[in-house]
Amino acid sequence: MTTPPALLIAGHGTRDDAGAEAFRDFVRRLGARHPELPVAGGFIELSPPPLGEAVTELVEQGVRRFAAVPLMLVSAGHAKGDIPAALAREKERHPGISYTYGRPLGPHPALLNVLERRLDEALGSAGRTPGDRADVTVLLVGRGSTDPDANAEVHKAARLLWEGRGYAGVETAFVSLAAPDVPSGLDRCVRLGARRIVVLPYFLFTGILPDRVRHQTEGWAAAHPEVEVLSADVIGPEPELLDLVWERYEEAVKGDLRMNCDSCVYRIALPGFEDKVGMPQQPHFHPDDDDHHHDGHGHGHHHGAHSHAH
């Protein structure tokens, strides 16, 4: 029987010691869960151990093949560029190793369920019942990036969190590099009529940035006593997160890096849309379609790399 590839977990890195330790502890937990294969983790920047050290640790255990999973919610510069570059460098340093690269974690329904739990906890701690959602506006706060696609992923998570769960609304803000910032996001909630807001950090672990979200939220709340503002906790090392990293590992090992089916209403029971799961799919006839092909001008989107069969 062939040995399964090892698992390498790649993190952002943080100047916050507690945040870095939360990552290292998560890697240890995952290793304990899967004693059948070597598990190591490292950071791109700011915290020890660096990713290269984690690769060396695996190689010293005799590992030749591994799957790398970015422990990141969205695919920004780190996941798209820095990690692949670091892995390519390790391949030069350790001739004979091979690896596959998994995809980022979010916005997976399992993580949306954890976010929902964090909202319930925040409401519960303020003496509110979780069922009392119709007057709750959520402000989901992402890291923020210079990459528009990464910021759009946070908006996607916000929309998926809102669908079917009964909140008044889920708005989006960012803690760095992208607008709106947290105070502007809270202002926007109020302009939309919010009277009770829960600020929900879209972060895996504690760190400098989630702390900044909380401080900015508290500062804004102090200046707006007429609005009830609550702060929810980060996702944390929940069983759902351990399961999801393993799912990403298995995808990478099998080479099953699909189009996004995580939030596909026909595959996953999303709140309020459960009846759609498994519905037979009919071909869609575009009004411009006909039986014979024209020269194709203006119809480029029907062809090429992005087409997929229904």
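Q: In β8, which residue is the bridge partner of R196?
A: In this predicted model, strand β7 covers residues 196-201, and R196 belongs to it. Four bridges join β7 to strand β8, residues 228-231, and the two run parallel. The bridge partner of R196 in β8 is E228.

Q: Are the residues of β7 that point one way and those that point the other way buried or exposed?
A: R196, V198 and L200 point one way from β7, while I197, V199 and P201 point the other way. Buried stands for under 20% relative accessible area. Six of the six residues of β7 meet that mark, and for both sets the state is buried.

Q: Which residue stands opposite L200 of β7?
A: β7 is also joined to strand β5, residues 136-142, by six bridges, and these two strands run parallel. The residue that stands opposite L200 is L140.

Q: In what order do the four strands of the open sheet lie?
A: β5 and β6 pair in the parallel sense over six bridges; within this pair, V141 has A173 in β6 as its bridge partner. β5 is joined to β7 by six bridges, and β7 to β8 by four. The pairing in the open sheet is parallel, and the order is β6-β5-β7-β8.

Q: Why is one side of β6 and of β8 left without a neighbour in the sheet?
A: The four strands form an open sheet in the order β6-β5-β7-β8. One side of β6 (169-174) and one side of β8 are left without a neighbour because these strands stand at the edges, each with a single partner strand.

Q: What is the average twist from one strand to the next in the open sheet?
A: The sheet in question is the open one of four strands, with parallel pairing. From one strand to the next, its twist averages 25 degrees.

Q: Which helix makes a right-handed β-α-β unit with β7 and β8?
A: β7 and β8 run parallel and are joined by four bridges. The helix that completes the right-handed unit with them spans residues 208-223 and is α7.

Q: At about what angle to β6 does helix α5 run?
A: Two helices that lie across strands of this sheet are α4 and α5. Helix α4, residues 109-125, lies across β5, β7 and β8 and runs at about 135 degrees to β7. Helix α5, residues 148-162, lies across β5, β6 and β7, and its angle to β6 is about 160 degrees.

Q: Which element gives the largest share of the lining of the largest pocket?
A: The largest pocket holds about 800 Å³ of space. Its lining has 38 residues, of which H12, G13, R143, F203 and L209 lie nearest the centre. The elements that give two or more residues to this lining are α1 (17-33), α3 (77-93), α5 and α7. The largest share is four residues, and the element that gives it is α7.

Q: In β4, which residue is the bridge partner of F66?
A: Strand β3, residues 65-70, and strand β4, residues 98-101, run parallel and are joined by four bridges. With α3 they make a right-handed β-α-β unit. The partner of F66 in β4 is Y99.

Q: What percentage of the 310 residues in the protein chain is buried?
A: The secondary structure of the chain comes to eight helices and eight strands. Among contacts with a separation of 6 or more, 75% are between residues 24 or more positions apart. Of the 310 residues, the buried part is 46%.

Terms used: Residues numbered from 1 in each chain as written. Predicted model: local features only at pLDDT ≥ 70, side-chain atom pairs only at ≥ 80, totals over all residues. Heavy atoms only, no water. Buried < 20%, exposed > 50% of the residue type's maximum accessible area, 1.4 Å probe, protein only. Pairing = 2+ DSSP bridges. Right-handed = clockwise from strand over helix to strand, strands pointing away. Axes fitted to C-alpha atoms, helices over the stretch in contact; angles between N-to-C directions. Contact = heavy atoms within 4.5 Å. 1 Å grid on protein atoms, 1.4 Å probe; cavity = no way out; pocket = protein on both sides within 12 Å on 5 of 7 lines; lining within 4 Å. Points joined across faces, edges and corners; volume = space filled by probe spheres on them.
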